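Q: Could you take me through one part of this protein up close? I'd like to see how two helices pack and what sits around them.

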Amino acid sequence: MNQVEDLVKVVEQAKADKGNVVIVTGKPGSGKSKVLREAAEMKKWTYVDCRMLISEEFLAIPAADRGLYAPDLMANILEGYNADVIILDRLQTLFVPVFHINVDSLMRKLSKKFTIVTAWPGYQQNGNLCYDKFDGTEAIRISPDGFKIWNVED
């Protein structure tokens, strides 16, 4: 079985469990996004670039309130796809500090309506999913508790 088929199995199980997030991990350049795109194509799952979630409506919200309203606004956008499995690529788009989005909370809320599959753009350390931007402006630590972690083999 190849990696795409392996991921499809994991996602199908998450879908059966209802309300799950599958996080694809792997080293930079390991092919996380490629596996996501191929799985989406194979299963006709909805593939969304996270940049599409940053709508004019979202940007019109005062920065301090964005974190509160982001899950509902983004869920409304995703509901427009009429899909039960949503593959979110370029997750790091949502990490931009001025957006004030708690990505952990967002993923957990979205997973109540959809099975979410995304590539983690960082690394794992001390049991957490971590992301650090080179200039030090973004440092994110998320507990993977409740998420399904699947690693791309390079």
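A: Here's a walk through one helix pair and the core around it. Keep in mind that this is a predicted model.

Let's start with the pair itself. Two packed helices are described by the angle between their axes and the distance between the axes. Helix α4 covers residues 66-79 and helix α5 covers residues 103-110; their axes lie 10 Å apart, at an angle of about 45°. Angles from 65 to 115 degrees count as roughly perpendicular and those under 35 as roughly parallel, so α4 and α5 come out as oblique to each other. The crossing of α4 past α5 is right-handed.

Who does the touching? On the α4 side you'll find Ala-70, Pro-71, Met-74, Ala-75 and Leu-78, and they meet Leu-106, Lys-109 and Leu-110 of α5. Sorted by class, that makes 7 nonpolar residues, 1 charged and no polar ones.

Now zoom out a bit. In soluble globular proteins, nonpolar side chains tend to be buried together. Here the largest nonpolar core has 32 residues, and Met-74 is one of those touching the most other members, along with Leu-88, Leu-94, Ile-101 and Trp-120. Both α4 and α5 give two or more residues to this core, as do β1, β3, β6 and β7. The top contributor is α4, with 5 residues.

Ile-101 is worth a click too. Skipping its neighbours within four places in sequence, Ile-101 contacts Ala-70, Met-74 and Leu-106, plus Ile-54, Phe-58 and Leu-94. There's also a second, separate core of 18 residues, with Leu-7, Ala-14, Ala-39 and Trp-150 among them.

Terms used: Residues numbered from 1 in each chain as written. Predicted model: local features only at pLDDT ≥ 70, side-chain atom pairs only at ≥ 80, totals over all residues. Heavy atoms only, no water. Axes fitted to C-alpha atoms, helices over the stretch in contact; angles between N-to-C directions. Helix = DSSP H or I, 4+ residues; strand = E, 2+ residues; numbered from the N terminus. Parallel < 35°, antiparallel > 145°, perpendicular 65-115°, else oblique. Left-handed = near helix turned anticlockwise from the far one by under 90°. Contact = heavy atoms within 4.5 Å. Nonpolar A, V, L, I, M, F, W, Y, C, P; charged D, E, K, R; others polar. Core = buried A, V, L, I, M, F, W, Y, C linked by side-chain atoms within 4.5 Å. Buried < 20%, exposed > 50% of the residue type's maximum accessible area, 1.4 Å probe, protein only.
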